[in-house]
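I set out to look up the salt bridges of this model and the surroundings of the residues that form them. The entries below are in the order in which I made them.

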Amino acid sequence: RAHVALVEEIEALLAAGHPRLALEASERALAKAETSGEPLRIGVAHTLRGRALALSGELERAGEALARAAPLLAGSPALAAANALEEANLAARRGAL
């Protein structure tokens with residue numbers, strides 16, 4: 001439940017236009033997820049971290065985070081698709097620069 005609440009907090013921060021705060025929260029989520037050892041939780045945390053990094057303009061680091069998430073999310077088609085969409089959005093941003 002704590003993981004879900006933290007994910008919701010990150011999503012709200014991103015939606016409100018606070019990528020730096022979302023990045024801080026995603027770092028906490030990643031640390032907690034890694035201690036759980038659950039691949040899906042770790043993958044979701046990497047995806048959220050990637051989104052926050054991308055919105056902060058740190059495109060290279062965002063790509064690294066999203067790439068780390070991909071194999072961890074392979075067990076969930078919906079989460080894998082969401083991560084792939086983030087990777088596509090990032091590629092579009094990179095192409096626009």
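**Salt bridges and one buried arginine**

Entry 1. I began with the overall tally, and the structure holds seven salt bridges. I note at the outset that the model is a predicted one. I followed up three of the pairs, as set out below.

Entry 2. I looked up the pair R51 and E11, whose side chains form a salt bridge with an N to O distance of 2.8 Å. The two residues belong to distant parts of the chain, 40 residues apart: R51 sits in helix 3 (residues 39-55) and E11 in helix 1 (residues 2-15). I then checked the exposure of E11. Its relative accessibility is 33%, so E11 counts as partly exposed.

Entry 3. I turned to R51 again, with another acidic partner. R51 also forms a salt bridge with E86, and here the closest N and O atoms are 3.5 Å apart. This pair, too, links distant parts of the chain, with R51 in helix 3 and E86 in helix 5 (residues 77-96), 35 residues apart. Through shared partners, the salt bridges join E11, R51 and E86 into one network. Are R51 and E86 buried or exposed? I found both R51 and E86 to be buried.

Entry 4. I next examined R20, which forms a salt bridge with E58; the closest N and O atoms lie 2.6 Å apart. R20 is in helix 2 (residues 19-36), whereas E58 is in the loop between helix 3 and helix 4 (59-72), so the pair ties together parts that are 38 residues apart in sequence. I compared the two partners for exposure. R20 has a relative accessibility of 43% and therefore counts as partly exposed. E58 has a relative accessibility of 18%; because the cut-off for buried is under 20%, E58 counts as buried.

Entry 5. I closed with R49, which I located in helix 3. Why does R49 count as buried? Its relative accessible area is 10%, and buried means under 20%. Which residues does R49 touch, leaving out those up to four places away in sequence? I listed L23, S26, E27, L30, R61, A65 and R68. For one of these contacts, R61, I also looked up the backbone separation. R49 and R61 are twelve residues apart along the chain, and their C-alpha atoms are separated by 9.2 Å.

Technical notes:
Residues numbered from 1 in each chain as written. Predicted model: local features only at pLDDT ≥ 70, side-chain atom pairs only at ≥ 80, totals over all residues. Heavy atoms only, no water. Salt bridge = Lys/Arg side-chain N within 4 Å of Asp/Glu carboxyl O. Helix = DSSP H or I, 4+ residues; strand = E, 2+ residues; numbered from the N terminus. Buried < 20%, exposed > 50% of the residue type's maximum accessible area, 1.4 Å probe, protein only. Contact = heavy atoms within 4.5 Å.
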